[in-house]
Amino acid sequence: MSAPQSTAQPSHAARAIARMYPASLRGAHGDEIACFVDELRGDTRFASGIVGRARLLVHLAGDLFASRMPAPRRTRSPLGDPPRRERRLETFLQDARLALRAMARRPAFTCVAVITLMLGIGANTAIFSVVSAVLLRPLPFPHADRLAVLWATNSTNRQLLASIDDVNDWRARTRTFADIGMVRTQSVNLTGAGAPDRLVGSFVTANSLTLLGARAALGRLFTTAETEKGTGQTVAIVSYDAWRTRFGADRAILGRTLVLNGRPHVVIGVTDSAFADPFNAQVWLPITSAPNPNWFQRGNASVWAVGRVRDGVTMDRAQQDLSAVAAQLSREYPATNAGSGALVIPLRDWLVGTVRPTLVIVLAFVGVVLLIACANVANLQLARATGRRREMSLRAALGAGRSRLVRQLLTENLVLSVLGGAAGVLFARWAIGVLVNAVPGGLPTFGDVGIDGGVLLFSAALTVGAGLLFGIAPALHASRARLTDALTLRTGEAGHGRRLDPRQAFAALQLALCIVLLAGAALLDRSLGALREVNVGFDPHDVLTAEFRLPAAKYRSDTAITEFMQRAIGAIRAIPGVQSAALVNAVPLSGNFGLNAYLPEGAPATDPAQEPTAQVNGVTDQFFRTMRIPIIAGRDFDGRDRADAAPVVVVDQELARRAWPNQSAIGKQVTVRFTPVVTATVIGVVGSVKQLTVGEPASPQIYVPIAQQPGIFNSVVARTSRDPMLLAGALRSAIWSIDPDQPVWKARSLDSLVERDMAGPRFAVVLTAAFALLALTLAVVGVYGVMSFTVAQRTHEVGIRMALGARRSDVTRMVLVQGGRVVAVALAFGLVGALGAGRLIRNQLFGVSAADPVALVGVTLGLGLVALAACYLPARRAARVDPVIALRAE
Amino acid sequence: MLVLADGERHGYAIAREIDAVTKGAVRMGSGTLYGTLQRLVAAALVEPSHAAHRSGDDPRRRYYRLTARGRSTLKSEIDRLATVVSVARRRHVLDTPRPEAV
């Protein structure tokens, strides 16, 4: 050591540092401490370079920390013991210090344990932050827990739009609702402001916006008069986002006239930026601006209702009330309402209903991953604990009580898990970003997904829970120390008895949990595979689709609409690269569909409400050819099927099978409940297609010629000879060549619609598989560690065996048998767990049984082999033991 | 106390001596050191020395030495430990038959 600095006055730094010590020390020794610090600074260990300075800082920090700790008391104070709580804290801090030191001495162990916990706690924190944002965080609407979406129902369908008259009656007659408003979203054409464009419109009553808590940032919202009868001036409100992105945040938008659906609307307001519309509208119009006057007929399903139940009323009570009113209406208006009811769905359920099961499954998955991580760390601790048994025995012999030892060990675990938890939260911050961007179609959240107070609290609870979970067994195990252990312990005691010792039990537990996860992921993957195998009923490759809606104000007559359609389809078919094209009301898997009741020839006439429903779709000729939907019998539509010709339909084989089993459907009559009702002749039978989702069961489908049921909303399907998206521009131009004001939107390939339908299940598979692989890695590392440790403990025994003539293969077999017992126990428990888990997720499975033998047996065998391989390496090492070396240690 | 057995020392010297004797296993910072000294002084086992400073010495330094009571306490503590060690030796508690990694 160098000569101490010899200065009469301490340096500023030394004085500053001395001031940080507790007052009791400073008072008596302040100068001495400053002098001491100065001498330290001159010390060779600390004086040189950055490393020396860093070392000094660490030294000083440690000393400062230590000097603030209560002094260890070796004797009882004559003034009596300090209060119990204070003493506990004192012990805890002392233990924490010991733990930090012990961890620093074993960096490899600490790193492995902290990384394991980081992955476990981090994955849970990330998934929980999503769960918290989607399922737990309050929705940004006033009294959000009392808001509900109300649907009409009939005997076959649970969620139908309701008629405006019905909703008005619901509002007037129910007692449990404070208010009920109407909403109907629909694309709206915006013209006269540059290129024709499409906005997501929402036709509403004034009270809907107030129910949802909308406020105007500019101008005002609708008055009741404006949305009930209309005040002569048609008005519109623009959303904050649309105002910024489409209208350049121009404050002069108030009073400006927008041509929406061909009719002028005066902008009276812009909503507040904080208003998050659950229906994602960009522009609101009064329901009186409905694009179709038949919306206002009773029996015409045209709107959703949004209701707020009165304070203190449960959703169940509201449901009973609404059902009673719906029953009254069906008695009063049998022609339109017979058999119809009403359904109350809480707003949150409506928003997150489809995501909830997936999230719950994924949360359960990461929960199990954390359990495996805990088991892993517990095993590391157990291995250490065995090594420390001597230390514990001596401490016990010197007077430490068992509870004191357990407390010390638990504190060590807690410190370890706090480090893991902190690293986990950092890991989660990164993972959340990746996760949120990867969710197909985005998450139904309002506001950001992130780590907030609730999530932190969750992580803290996890951390403490994990610390106790993986700590309690090793602590009890290690503290079961008796003095005799210290004197008699030999190292060959590690479990080769009949029962599994704690380490082996933990390894088995890890493997078993791992099987549960792998089986769950395998089931979901097989389910996705089954979904991919589904015949959607059409050939989605090389087909371009796009949507458009004619403004009713401009195309007032069916003739005008039909003429536009004919010219448009002619122009589209003329595009080079288009092999065939057709118009259709609702492209399969696009989210659009139409449902109507029907009555086939030969079936007894019943109450219209009891009639079966079919998906009804208007198409032009060449639709089946373009989609490659097979025509099984009869013919496609053609030029004969004009508006003034006899009504005809094409049905799918499912309808033909149900309506006329073992008979030809061609020439049969079917009555479709359009307004007005149409009775048509079946001219063809085609294959069934998946209209709403790939996983739906086959349902009756009816195709009508667009010429006989013209409508303003249509889509294009065009089969192309090259990448369909390359023709999207040409398709728009073709339609604009007929009407330059006609917006065209959602130009997409049919392939992308099929893919989109499977995106959710695929994402679930990717997530669960990722977590299952993480679990597999942890479990295999765990088993390998345990077997290695066991082998190391049995070295002495192996040496004796080999000295007595055992062959290497005998030794390998001995260790493998021991590992095999662990694996066998794990497989048995894992299989039972996997069967249970399969039952829990069976609602998410498609075309695969929850006890699918391929998934279960495959996973079990695969994991068994991997686990045995993890045992084999230590077994081989055991066989290489040199008896001389093994015995020399004795 | 052991370090003060062969004469009085100032704080920094005590720390250096402890470091040297334990081959770096125990490194006392000023807070730990003066905290300990404070308790030892309070128990009348150690006392500040009032001997004059050596020439050229830092005037802030204070020297500490064992009291008579400290010296006898130290001796009985060493005797007690010696007994423990000899018992442990006889019972082979300190033997480590464990082989290193295979």
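**Helix crossings, strand pairing and burial**

Me: Why are α7(A) and α11(A) described as oblique to each other?
Reply: In this predicted model, the axes of helix α7 (residues 164-173) and helix α11 (residues 315-332) of chain A cross at roughly 125 degrees and come within 10 Å. An angle of 65 to 115 degrees would count as roughly perpendicular and one over 145 as roughly antiparallel; the crossing of roughly 125 degrees falls in neither range, and α7(A) and α11(A) are therefore oblique. The crossing is right-handed.

Me: What makes 3 residues of the contact of α7(A) with α11(A) charged?
Reply: From α7(A), the contact takes A:Asp166, A:Asp169, A:Trp170 and A:Arg173, and from α11(A) it takes A:Leu322, A:Val325 and A:Leu329. Asp and Arg belong to the charged class, so A:Asp166, A:Asp169 and A:Arg173 fall there, which leaves a division into 4 nonpolar, no polar and 3 charged residues.

Me: Why are α19(A) and α27(A) oblique to each other?
Reply: Helix α19 (residues 502-533) and helix α27 (residues 853-879) of chain A cross at roughly 140 degrees, with axes that come within 9 Å. Roughly antiparallel requires an angle over 145 degrees, and roughly 140 does not reach that, so the pair counts as oblique. The handedness of the crossing of α19(A) and α27(A) is right-handed. On the α19(A) side the contact includes A:Leu511, A:Cys514, A:Ile515 and A:Arg526, while on the α27(A) side it includes A:Val854, A:Gly858, A:Thr860 and A:Leu863. By class the residues are 13 nonpolar, 2 polar and 1 charged; because Gly and Thr count as polar, A:Gly858 and A:Thr860 belong to the polar group.

Me: What makes α2(A) oblique to α2(B)?
Reply: Helix α2 (residues 23-42) of chain A packs against helix α2 (residues 30-42) of chain B at an angle of about 140 degrees, with the axes 10 Å apart. This value again lies under the 145 that roughly antiparallel would have to exceed, and the two helices are therefore oblique. Their crossing is right-handed. The contact is formed by α2(A) residues including A:Leu25, A:His29, A:Glu32 and A:Phe36, and by α2(B) residues including B:Ser30, B:Tyr34 and B:Gln38. It has 6 nonpolar, 5 polar and 1 charged residues, and the charged one is A:Glu32, because Glu is in that class.

Me: How do you know that A:Ser459 is buried?
Reply: A:Ser459 has 23 other C-beta atoms within 10 Å, whereas burial asks for 20 or more, so A:Ser459 meets the cut-off. The residue lies in helix α17 (residues 453-479) of chain A. Beyond its neighbours within four places in sequence, A:Ser459 contacts A:Ile121, A:Thr125, A:Gly421, A:Gly424 and A:Val425. Of these, A:Ile121 is 338 residues away along the chain, yet the two C-alpha atoms are separated by 6.9 Å.

Me: How do you know that both faces of β19(A) are covered?
Reply: In a regular strand the side chains alternate between the two faces of the sheet. On one side of β19(A), A:Gln701, A:Tyr703 and A:Pro705 are buried, and on the other side A:Ile702 and A:Val704 are buried as well. For the strand as a whole (residues 701-705), this comes to 5 of its 5 residues.

Me: What makes β14(A) and β16(A) partners of β19(A)?
Reply: Pairing asks for at least two bridges. Strand β14 (residues 613-619) has 5 bridges to β19(A) in the parallel sense, and strand β16 (residues 648-652) has 2 bridges to β19(A) and runs antiparallel to it, so both satisfy the requirement. Within these pairings, A:Val616 stands opposite A:Ile702 and A:Val650 stands opposite A:Tyr703.

Me: Why are β1(B) and β2(B) called edge strands?
Reply: The open sheet of chain B has 3 strands in the order β1-β3-β2, with antiparallel pairing, and β1 (9-10) and β2 (46-49) each pair on one side only. The pairing of β1(B) with β3(B) (residues 63-66) rests on 2 bridges, which just meets the requirement of at least two. In that pairing, B:His10 has B:Tyr63 as its bridge partner.

Definitions and conventions
Residues are numbered from 1 along each chain as its sequence is written. Chains are lettered from A and ligands numbered from 1 in the order in which they are written. This is a predicted model: local features need pLDDT of at least 70, side-chain atom pairs count only at pLDDT 80 or more; totals for chains, interfaces and linings use all residues. A residue is buried if 20 or more other C-beta atoms lie within 10 Å of its own, exposed if 12 or fewer, and partly exposed in between; C-beta atoms are placed from the backbone. Helices (H or I, at least four residues) and strands (E, at least two) are DSSP runs, numbered from the N terminus. Axes are lines fitted to C-alpha atoms, for helices over the stretch in contact, and angles run from 0 to 180 degrees between N-to-C directions. Angles under 35 degrees count as roughly parallel, over 145 as roughly antiparallel, 65 to 115 as roughly perpendicular and the rest as oblique. A crossing is left-handed if the near helix is turned anticlockwise from the far one by less than a right angle, and right-handed if clockwise. Two residues are in contact if their C-beta atoms, placed from the backbone, lie within 7 Å.
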